[in-house]
Amino acid sequence: MTYLWEIPDNYPSSLIGVYQRDVSRDRFDFFQGKALKQSKKPLIFELKAHRNKLQGIGCLCNNSGSLLLSPEVVNVLNTYALQDVQFFDTTVKTKDGETDEFKLLNVTRYVDCVDRDKSNIRVIGNIGRIDLERIEELIHKVDCMQEVMIARDKNESGHIVVNNKLADKLNDLCMPGIALVRPEDVYP
C-alpha cells in the first residue's frame, strides 16, 4: 500500500513557507530522485507567522515542491528510510525571528507507482508525464515501492510516495503538517 504526502486540507495559509529562490539553489534540483552535493549556504524560506507558531509542526508546508521537516520527522526518516533520503540545512524567517531547526528533504529514489491501466489519467505529449490537472482517478500498483520507504513517483516527480510501514511511523507522531493519503482519496 502506498500513500501520497500532501498538504493537509486544514493547514493554515500563514504557515506556508515561501522558498526564496533568488538566494537559494534551484528548487527543481530536488526533483531528480538522487543524492545531491550539499549546499554551502542554507536554503531560505519566509513565512507570515510568528516563530512560536512553528512549535510542534512536523512538516512545514511550502511552495518548493519538497518537504520541510521538523527534527522529530527527520529522526524517523533517518531511522527507517536512511537509504532513501538526504537533508539540507534551511533558515526559516518569520515575523519575529528565524529558525534553523527544519531540514529540507531531498528524496533520493524514484519509483514507478502509477497503474496506467487502472487509473484515469491524461499524459502530456510525447514525454509521458501525467497532466495533474487532468487526473480523474489515480491508482498505484500494489507492490511498486518494494523495499523503498519514500520516493518520488517517476510518472509525476511532484508526487512524494510513502510505503505503509513508514506511513505508520510518521502517523504515530501525530504532528500537524503530515498528511499521508491514499492516491484514490486524492483523485477519486
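Two strands are taken to pair if DSSP finds at least two bridges between them. The model discussed here is predicted.

Me: In what order do the five strands of the open sheet lie, and which are its edge strands?
Reply: The pairing in this open sheet is mixed, and its five strands follow the order 8-11-12-1-13. An edge strand pairs on one side only, and this holds for two members of the sheet. The edge strands are strand 8 (110-111) and strand 13.

Me: How many bridges join strand 8 to strand 11, and in which sense do the two strands run, parallel or antiparallel?
Reply: Within this pair, Tyr 110 stands opposite Arg 152 in strand 11. Strand 8 and strand 11 are joined by two bridges, and their sense is parallel.

Me: Which residue of strand 12 is the bridge partner of Arg 152?
Reply: Strand 11 and strand 12 form a hairpin, with two residues between them. Their pairing is antiparallel and extends over four bridges. In strand 12, Arg 152 has as its bridge partner Ile 160.

Me: Which residue in strand 12 does Leu 4 stand opposite?
Reply: Strand 1 and strand 12 run antiparallel and are joined by three bridges. The residue in strand 12 that stands opposite Leu 4 is Val 161.

Me: At about what angle does helix 2 run to strand 12?
Reply: Helix 2 lies across strand 1, strand 11, strand 12 and strand 13. These strands are also among the elements that cover the buried residues of the helix, together with helix 1 (71-80). Relative to strand 12, helix 2 runs at about 80 degrees.

Me: Within what arc do the buried residues of helix 2 fall?
Reply: In helix 2 (residues 164-172), the buried residues are Leu 166, Ala 167 and Leu 170. Seen down the helix axis, they line one face, because their arc is confined to 105 degrees.

Me: Which exposed residues does helix 2 carry on the face turned away from its buried side?
Reply: An α-helix has 3.6 residues a turn, so residues three or four places apart point the same way. In helix 2, the face turned away from the buried side carries exposed residues. These are Lys 165 and Asp 172.

Me: Which residue's side-chain oxygen reaches the backbone nitrogen of Lys 165 at the start of helix 2?
Reply: The backbone nitrogen of Lys 165 is approached by a side-chain oxygen to within 3.1 Å. That oxygen belongs to Asn 163.

Me: On what arc do the buried residues of helix 1 lie?
Reply: The buried residues of helix 1 are Val 73, Val 74, Val 76 and Leu 77. They are on the same side of helix 1, because the arc they cover around the axis is only 160 degrees.

Me: Against which elements do the buried residues of helix 1 pack?
Reply: The packing of these buried residues involves both strands and a helix. The elements are strand 1, strand 4 (68-69), strand 5 (85-94), strand 7 (103-107) and helix 2.

Me: How many residues apart in sequence are the parts that the disulfide ties together?
Reply: A search of the whole structure finds one disulfide, formed by Cys 113 and Cys 144 with their sulfur atoms 2.2 Å apart. Both cysteines are buried, and the link is right-handed, with 80 degrees about the S-S bond. Cys 113 lies in the loop between strand 8 and strand 9 (123-124) and Cys 144 in the loop between strand 10 (129-130) and strand 11, so the parts tied together are separated in sequence by 31 residues.

Me: Why does Cys 61 have no bond to the sulfur of Cys 59, and what is its relative accessibility?
Reply: The closest cysteine sulfur to that of Cys 61 is in Cys 59, and at 4.9 Å it is too far for a bond. A disulfide requires sulfur atoms within 2.5 Å. Cys 61 counts as buried because its relative accessibility is 5%.

Me: Is Cys 174 buried or exposed?
Reply: Cys 174 comes just after helix 2 and takes a positive phi of about 50 degrees. The closest cysteine sulfur, in Cys 59, is 15 Å from that of Cys 174, too far for a bond. At 68% relative accessibility, Cys 174 counts as exposed.

Me: Which backbone nitrogen lies 2.9 Å from a polar side-chain atom of Ser 24?
Reply: Ser 24 is in the loop between strand 2 (18-19) and strand 3 (43-46), and it counts as buried at 11% relative accessibility. The side chain of Ser 24 reaches the backbone oxygen of Gln 20 at 3.1 Å. The backbone nitrogen at 2.9 Å is that of Ile 44.

Key: Residues are numbered from 1 along each chain as its sequence is written. This is a predicted model: local features need pLDDT of at least 70, side-chain atom pairs count only at pLDDT 80 or more; totals for chains, interfaces and linings use all residues. Side-chain values use heavy atoms; hydrogens and water are left out. Buried means under 20% relative accessible area, exposed over 50%, partly exposed in between (1.4 Å probe, protein chains only). The arc is that of the directions from the helix axis to the C-beta atoms. Contact means heavy atoms within 4.5 Å. A polar contact is a pair of N or O atoms within 3.5 Å; within protein, one must be able to donate a hydrogen and the other to accept it, and residues adjacent in sequence count only if both atoms are side-chain atoms. Axes are lines fitted to C-alpha atoms, for helices over the stretch in contact, and angles run from 0 to 180 degrees between N-to-C directions.
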